[in-house]
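This report describes selected parts of a protein structure in running text, with one small table. Please look at the sequence and the structure first.

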Amino acid sequence: MARFILLSGRSLVQGVAKEAGKFSDKYLKEVTTCQIDPDDIKDFNIEPGTNVRLTAEDGSSVVLKSTQSSLAPHRGSVFIPYGPYAGILISSKTGGTGMPSFKGITIELEPTTDEVLPIKNLLEVNYSRGISK
Amino acid sequence: MTVISAVLCPGCGCLCDDTEVTVEGDQIVKVQSECAVSTSKFLNYNKHRSTTPLQRVNGELVQSPLNDSVDKIAKMLIKADYPLIYGWSLTSCEAQKKGIELAEEVGAVIDNSTTVCHGPSILGFHDVGEPTCTLGEVRGRADLIVYWGCNPSSAHTRHIKRYTSKSTGKFRESSERKVIVIDVRKTPTAKGADIFVQVEPNKDFELITAIKMALQNEEIEEKSVAGVSIEQIEEIAEMLRSCEFGVLFFGVGLTMSEGKSRNIDCAIGLAQELNQWTKFAIIPMRGHFNVTGANKVFTWQTGYPFAIDMSRGYPKYDPGQTTTIDVLSRKYNDATLVIASDPVAHFPKNAVQHLTSKPLAVIDPHLSLTAYMADVVIPSAFVGIETSGTAYRMDGIGLIMRKVIDPPNGILPDTEILEMIIKRVRELKGE
Amino acid sequence: MALKKFKLIANSNAPIDGDIFSPNNLAGKNIPEILNLETWLGKKRVKVSEIFEVTDESNESEELTLVFDGNITQVTRVGKNMSEGKIIVKGSVGAFLGIEMSGGSIDVDGDADTFVGMSMKGGTIQIKGNAGDAIGSGYWGSRTGMLGGLIIVQGNAGDEIGRWMKAGTIRICGNTGILAGSRLQGGSILIQGNSEGKLGASMVGGKVVLLGKTSSTFPSFYISEIKSKAKVDGEKISGPFYSFLGDIVENGAGKLFISVENNPDLKYREDFIP
Amino acid sequence: MTEFIIRNGFVVDPINNINCERVDIAIKDGKIVESVNESNAKTIDATDKLVMPGGVDLHSHIAGAKVNAGRLLRPEDHYKDYEVKKGLRRSGTGHSIPSVFTTGYRYAIMGYTTVFEPASPPIKTIHTHDELNDIPILDSACFPLLGNNWFIMEYLKEDKLDECAAYVSWLMRTLKGYAIKVVDPGAVEAWKWGGTSHGYDDPVPRFDITPREIVRGLIKVNKMLGLPHPVHVHANQLGKPGNYKTTLETLDSVRDLAGDNGPIMHLTHVQFNAYAGVDYPSISSGAAEIADYVNKNRHVSIDIGQVMFGDTTTMTADGPFEYQLFQLLRGKWINNDVEAETGSGIVPITYNRSNYVHAVMWAIGLDLALMIDDPWRVFITTDHPNGGPFTEYPRLFSWLMSKKARDKLQKRMPRLSRIRTNLRNIDREYTFYDLAITTRAATAKILGLKDKGHLGAGADADIAIYNINPKEINTSLEYKTIRKAFSTTHITMKEGTIVAKEGEIVGTPIGRTYWVDSHVPDDLHNSVIPEIKRKFEDYYTIKIDNYHVPESYLERSAPIQPSEVSAK
């Protein structure tokens, strides 16, 4: 288990894919990747392409697919594109500004054999009502 | 086949207005644009949508008549003690005006998605102001461009070519411009910069401060600040001071990370101070195509840009309390209408938990994730594609968006749907 | 004088405007009169009787005391504008506690939400639990925070405490978030626990004293000396402290005292003592 | 539509030479008529009340980009001044930069029915119209800012007057603008490179043209196009001690262009441009020199731009001025440069009675209003919100009408401020007739609005009825009564609809937006359009098609035909 700073943000693929629909495979693939610095990958023995579990301070967690970041170096930080998966980890503490902390929060990261949940299941697991259709 | 030119793109806050759209029958068949997001938007806008209103019955969304769906939303808003109306960044100013009217009528908190993008920029702005300019001024004059905590190559794909380093203006060739990118990662934008400065996450405030110190010739009692060497800080300061016309574009990398509104206060202060030596401006990189318009409309109608509590029949503005995330995390609201936004796809978990535990209605062209979790969904026409309306570019220039194609049968623009809701609310209130 | 006891019975979690609940406003009113007062529950105009049970209890104090029995986290602006008397909250309370108050005292057993003592001019607020963000700040854009009075938080406090504060004292017994004393113009902030950093950003006057540790200091604060004691409100606090002056980039003359003992990371700064 | 008769009021209607006479006024279909069928008409009893045409404000920043930026900058300015939704009345916030609905209501409650926005950056004119559309009740218009426009500077440099006129004409029609506005000519372009001082004959960097040439050129263009209002000028060097000389230079630079038809230049908020002295400690009134010039020369009109004590927000297209104010005050500062056209700046300020400079400024405004003899050429403004919010007008009226009122206040100002201004020696007091001229009749006339500013048959039924008996009141002494009476009308009528009654909003009709449907001969037009299109691509970041404000965009369009088209 290792501590990282989580950065979530826009990516071009996410921007394009969301126009194609948030249930598209393309969108799912993009918003469930966790980009890790290559040196961190080495240090923590993570096999790129395998799944990792990210856990926030309040215990909320998601499983994502690890990938070697193409924007390295950024040791100590991992990047997830905006989306409902990143949302699970983000804190709603606004510091009196209204703005939750989408960037710069601390998370724990560990390899896992658990599967990445499809969006529908992710929402069902985390929220009080499921999605329809 | 019709070719429509000078079409505004509802893709992002750049609001490029040189798109060419070819329409054949009831379909957009070709889009001439240099932007992948724009092309994807015009070609895919019609997917993933319902052509009839939906209501949740026994846990499933089923097709429902429009009038009944309007009635349900009206009743939901009237009944609630503290309704929330959220969204607005992907619709027209005309719809945003109707939103204020509705919020006033039902005593709601009305907020736009500024609250989760540049809300802190506005809070910083309240304290210090902002030396800024339109994007054409940048194109015409700027010889130094700084991108801080933003990544236009991915999020505003034509920004660089249309307005900044790759553009040519009256007084400036593209070859005369220098670009500095300051970010936590070496983004695609950073790769194209003359100078990339990698700042440690959450240390932007410290770096801005150090640059100010270098400008003021103050000695820095450190070897590096925010992971940046003093030498590089001094080099940046010198570039800022000695340019002829500089501009700092900042993105959510600055508004969302530690320091939030104070980061912006500090960055604006830097831009103001630089005017002692040169001409310097600062511009926020606004994301959604009409989030700027939402701030403008809200402000001219109420005096405040977002997070407006109309529960007492007048605009009350208390960011930190009346901001959507704060309302949701305190579980204050007991019903929500979401329009032209998809909070379930972006909001923090406990905010979404509360949002989805109370009556929820959605007006949106798409079947968004929020729509899938709603009680009532009314599909609407795509602003800038299926209906016209005003939008404001990130630098505050108002433009009238064109309609290039008819919406599917029975799908109305947001303005008309909102008008129906307002009318129904007044009927139910006996006015 | 009397003591009025309030028990929240609202069946909705909408925010309640508590600005009527100040000793000044309720002085001389009997229970039926108080129950008949109106306020806001979300968008609804309600009588106090719809949201509170109110009982009379005499006490010996000469001042009117209002006691809230239990949590009132949805009640905001309790004690607005009060200049005398006492408010006791036996539980947690909503935002804007004691906004614009100029005298009297407020005691909270539990936690307080954001903006405690906004634009406060005098009086005392004491929070036994934790308090939220921007304690002792002012309204957005006013560039003026708290102007006087005392705020004590026994637990932890959030971000940006004392933002734009001009006078008065804030004491935090626990830890604080980031940006304590940002834009500080005057007055004193004492933090007995730790700070998450960005201490005193852009401050131009006043004093911040940190007894615990901070993750970092700004480059724009110059170290001036090591002091054995720091004074807060006349009280001498034992150090030793690194004494900094700043924020230099704002031409500031604010004082920042940071515990030497708890911040060994700052030892390198000693080389710069003039 | 309901017909009305307003009976028994004391009417002041200078255009029709009526001075406090009991005249009944008949109203039908929104217009004033000779008579109506008395059995159908509703009677409004105005016995012992003052009846005037609705107020016409020719210079008040009520709408558009910088006004809104001011609102955004200052939540602290208005969070305690709010209006609750009630009946027809929409909610809003007020103080120095009220939100749109509140702006309309507050003007109407004071008896004003026509208010013009005097500064619209051309490319942001959609925004200006957005807000004008949303301001209820008031008739309005906006003046595009042309004094630092690249096209214009280039045309004038090359002496292409016809082409320049064709461009301006195209612009007015395209943007739905009303008059040519010039702000700190040439100097704003210089400021875009950081320059902060610009004299009337200093060349503009990279354009090689002087402010003098720009002003003269635009005055010629204005004449050629026959626009209804003179060129509306905010002179160079605003706010600087000693600037009255630049002001006189500006006024005199166009004397040779004057014709017989009255003013060709309107110089605005002259108080800010009437300073003698060499620095702030030595600042004094240059109002006497300016008043003397205006008294002797009929080619110019002015408005005063009075300073009112208290907190307000300065906002102007004069970016360099606001930067200097920011350097002085070190508080908040907005600057916003607009591509190829203009700029703007905003700085909040508190005018303080005991501040020497502010006290001098205060006296200068009144000096101008009282030393210029012809009320048809000096108008009462605060340059809202620069000198103070428009809601302060009633107080200003009381100073104009009562020496006692102004003396009483001035006694509490720094002694030097009294000595270095003229006011203490001025005995003149405005009559109701003077006030009606300077706040409605003359402003309507200078704007070229034939149906405004009077109560003769054919005029718009825009009427203010005040709770004051002009025959009985001693205005010299009862200044508090004046202030009260002009704060809240008994009734305000807009085009035959009662909109305000004793401070309550009872009607919210949509106001007109006037614009000038200007044309030049087709061949001239056709010859310039290709060049405009070509340059537009170079100068702007939007397509020329998207610059256009369609007439349908205006909630209620009111095109005005220029008096003559005389381009060669």
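The model is predicted. Helix 17 of chain B covers residues 414-428. At 1.5 Å a residue, its 15 residues should span 21 Å, and the end C-alpha atoms of the helix are 21 Å apart, so the two values agree.

Which residues of helix 17 of chain B are buried? They are B:D414, B:T415, B:I417, B:L418, B:I421 and B:V425. These residues cover an arc of only 165° around the axis, and therefore they are on the same side of helix 17 of chain B. On the other side of this helix, B:R426 and B:E427 are exposed. The buried residues of helix 17 pack against two helices of chain B, helix 2 and helix 3 (93-106), and against strand 18, strand 19 and strand 20 of that chain. Just after helix 17 of chain B comes B:G430, with a positive phi of about 75°.

Helix 2 of chain B (residues 66-79) lies across strands of the chain as well, and it runs at about 125° to strand 20 of chain B. The table gives the strands that helix 2 of chain B lies across, apart from strand 4.

| Strand of chain B | Residues |
|---|---|
| Strand 18 | residues 336-339 |
| Strand 19 | residues 360-364 |
| Strand 20 | residues 376-379 |

Strands 18, 19 and 20 belong to an open sheet of nine strands in chain B, with the order 5-4-20-19-18-6-7-16-17. The pairing in this sheet is mixed. Strand 5 (60-63) and strand 17 (316-317) of chain B stand at the edges; each has a single partner strand, so one side of each is left without a neighbour in the sheet. Strand 4 (residues 54-57) of chain B is joined to strand 5 of chain B by four bridges, and the two run antiparallel. B:V57 has B:E60, in strand 5 of chain B, as its bridge partner.

The two chains also touch. In chain B, 54 residues are in contact with 43 residues of chain A. The side of chain B that touches chain A has 22 nonpolar, 22 polar and 10 charged residues.

One residue of chain A remains to be described. A:D25 is found in helix 2 of chain A, which covers residues 25-31. Is A:D25 buried or exposed? A:D25 has 11 C-beta neighbours inside 10 Å, so it counts as exposed. A:D25 and A:P118 are 93 residues apart in sequence, and their C-alpha atoms are 9.6 Å apart in space.

Note on methods. Residues numbered from 1 in each chain as written. Chains lettered and ligands numbered in written order. Predicted model: local features only at pLDDT ≥ 70, side-chain atom pairs only at ≥ 80, totals over all residues. Pairing = 2+ DSSP bridges. Contact = placed C-beta atoms within 7 Å. Axes fitted to C-alpha atoms, helices over the stretch in contact; angles between N-to-C directions. Nonpolar A, V, L, I, M, F, W, Y, C, P; charged D, E, K, R; others polar. Buried ≥ 20, exposed ≤ 12 C-beta atoms within 10 Å, placed from the backbone. Expected span 1.5 Å × (residues − 1). Arc of directions from axis to C-beta.
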